[in-house]
Structures are given as C-alpha cells and as structure tokens.
Amino acid sequence: MADIGIVLIEDHDLTRLGLRTALQRQDRIQVVGEAGNAKQGLMLLQDKQPDVAVVDIGLPDMDGIELTRQFKQFQIDTNSFSTRILILTMYDSEESVLAAFGAGANSYCMKDVNIDQLVEAIHATSDGNSWIDPTIANIVLRQMRKPIAVDPTQPKMITIEAVEPAYEEILDNVQLTDRELEILQLIVEGQSNNAIGETLFISLGTVKTHVRNILSKLCADDRTQAAVLALRSGLIS
C-alpha cells in the first residue's frame, strides 16, 4: 500500500521536529513537508496536496481554523479534495472544537495523545473517516443534542431529521447484546477503549472485539459515526 503523505503545520520548532521524527519511524507514513506558520502552510498544502495535513490552531500569523477554512475554499475552487485536515492542538474549548469542524476540519486530536493514538488518527483521517479525541467527543455530541432555536415571530414548524432509509433497515434488524449496548453508551460518552475496559473490568482486547462487532452491526465506519447513529436512532439517549 502507498505511504500516507503528511504535511506538518506547527510553529514550535521542537514540537514540529519531534512530530516529524516520531512519524517518520512509522510504517506507511511519510512527512512530505512542514511549515512554521499559516501562510507558508497554506502555500505548501496548495502545492503538495498531501493525504493529511496536521495543523496546529495556535499559529502566529493566522490561526489554524482560518487556515483550514481558506484551504477548504481552495479545494472547492479547484475541485480537488485529496487532502484531509487533522487538527492537533492543546485547545479543547467548545468554541475551538466547533469552530474547527465548522471550518471544515476532518479530525480533532489533542497534543497529549501518545504516538499510537496519533497514528490511528492519521490512518482514520486518510481513510476518509473522522477521528475525534475521546476527551472532546462529548463537546460534539452535546452540540448535536441541543434543541434548535425557534424564532417566535415565525410560524411554528417542526422539522424531523430522519435516519436515512438504509440505516432504518439496519436498525430494524440490528440486535445488540446487553454488553454491546453498555459499551455503545460509553462510546457516546466519549470514553476510549482503555477507559471502557477499566470501567467494565474487561480486557482491552475484549473491548476492541465488542467495538468491532458494534461497528459491523450498525454498518458504521468508525466510533463517531456509531455514536451519532445511536443518538439519532434512539438506541442511546
């Protein structure tokens, strides 16, 4: 399989060097460029169009959210969508998280993750999935649960966002065990596999097996999609 081309956009030289060194040691990952500010980073992304751009929010000349917004507009203008954006930052505020996804970021990862988690996030992002750090997953899910504001000056209308017909058929036939429902609830709450294992007193391998079975039964690509489907369908409230 071809290597995943990575561009690093990080203003702290030591952090960028550490990331580059750690990622270059991983199989199927190649750092093809790096930049220390947003202007250089944007030009690099437009030129290289890597598989994944790892972007810090706290850049000196323009924040990573605005960089993401401008690059996504470039992709629309040029009809080129090969590059996906992974935000890697210390910012875990609701405002930062929602602004990043609103700008078009595909994944969001905190800088205190270990290298294995970062590699997992990069592979998931490259494969077309969204990877959300478990520590901030609840922010996204809370936003989904918020009721839609109603303008009192407008006629009252209720819009029901239905589950797609293909998913309706899946949910009609899906049979999750009590343990799988228990684990799905913890996924919705944003717990990692390790945390789920500690909560339920089961091994990490057992957790991974259950998660794999849940994704298969729900026809979900990743944990985030499974959580969203569980909430929308009423499997988990």
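## A tour from strand β3 to helix α5

Of the 237 residues of the protein, 44% count as buried, where buried stands for under 20% relative accessible area, exposed for over 50% and partly exposed for what lies in between, with a 1.4 Å probe and protein chains only. The model is predicted, so that local features need pLDDT of at least 70 and side-chain atom pairs count only at pLDDT 80 or more, while totals for chains, interfaces and linings use all residues. Residues are numbered from 1 along each chain as its sequence is written, and side-chain values use heavy atoms, with hydrogens and water left out.

With the whole chain in view, colour by secondary structure, which comes to eleven helices and five strands; these are DSSP runs numbered from the N terminus, helices being H or I with at least four residues and strands E with at least two. Among contacts with a separation of 6 or more, residues 24 or more positions apart account for 66%, a contact being heavy atoms within 4.5 Å.

**Strand β3 and its neighbours**

Select β3, residues 52-55, and show its side chains: V52 and V54 lie on one side, A53 and V55 on the other, and all of them are buried, which leaves both faces of the strand covered. In a regular strand the side chains alternate between the two faces of the sheet.

Next add β1, residues 4-9, which runs parallel to β3 and is joined to it by four bridges; two strands pair if DSSP finds at least two bridges between them. Here L8 stands opposite V54. Now add β4, residues 84-89, which also runs parallel to β3 with four bridges between them, and look for L86, the bridge partner of V54 in that strand.

To see how β3 leads on to β4, show helix α3, residues 64-78, which makes a right-handed β-α-β unit with these two strands. Right-handed applies if, with the strands pointing away from the viewer, the path from the first strand over the helix to the second runs clockwise.

**T83 and T89**

Select T83 in the loop between α3 and β4, where its relative accessible area of 1% makes it buried. A polar atom of the T83 side chain lies 2.5 Å from the backbone oxygen of P50, and, leaving aside residues up to four places away in sequence, T83 touches Q49, P50, D51, A53, F71, K72 and Q75.

Then move to T89 in strand β4, which counts as buried because its relative accessibility is 0%. With residues up to four places away in sequence again left out, T89 touches D56, I57, Y108, C109, M110 and K111.

**Helix α5**

Finally, select α5, residues 115-126, whose twelve residues reach 16 Å from the first C-alpha to the last, close to the 16 Å expected at 1.5 Å a residue. Its buried residues are L118, V119, A121, I122, H123, A124 and T125, and what covers them includes β1, α1 (13-24), β2 (29-35), β3, β4 and β5 (107-110).

At the N-terminal end of α5, N114 acts as a cap, with a side-chain oxygen 3.1 Å from the backbone nitrogen of D116. At S126, also in α5, the relative accessible area is 26%, so this residue is partly exposed. Outside the residues up to four places away in sequence, S126 touches I4, D51 and V52, and its C-alpha atom is separated by 9.7 Å from that of A53, 73 residues apart along the chain. Just after α5, stop at G128, which takes a positive phi of about 95°.

Key:
Expected span 1.5 Å × (residues − 1). Polar contact = N/O pair within 3.5 Å; in protein donor to acceptor, adjacent residues only side chain to side chain.
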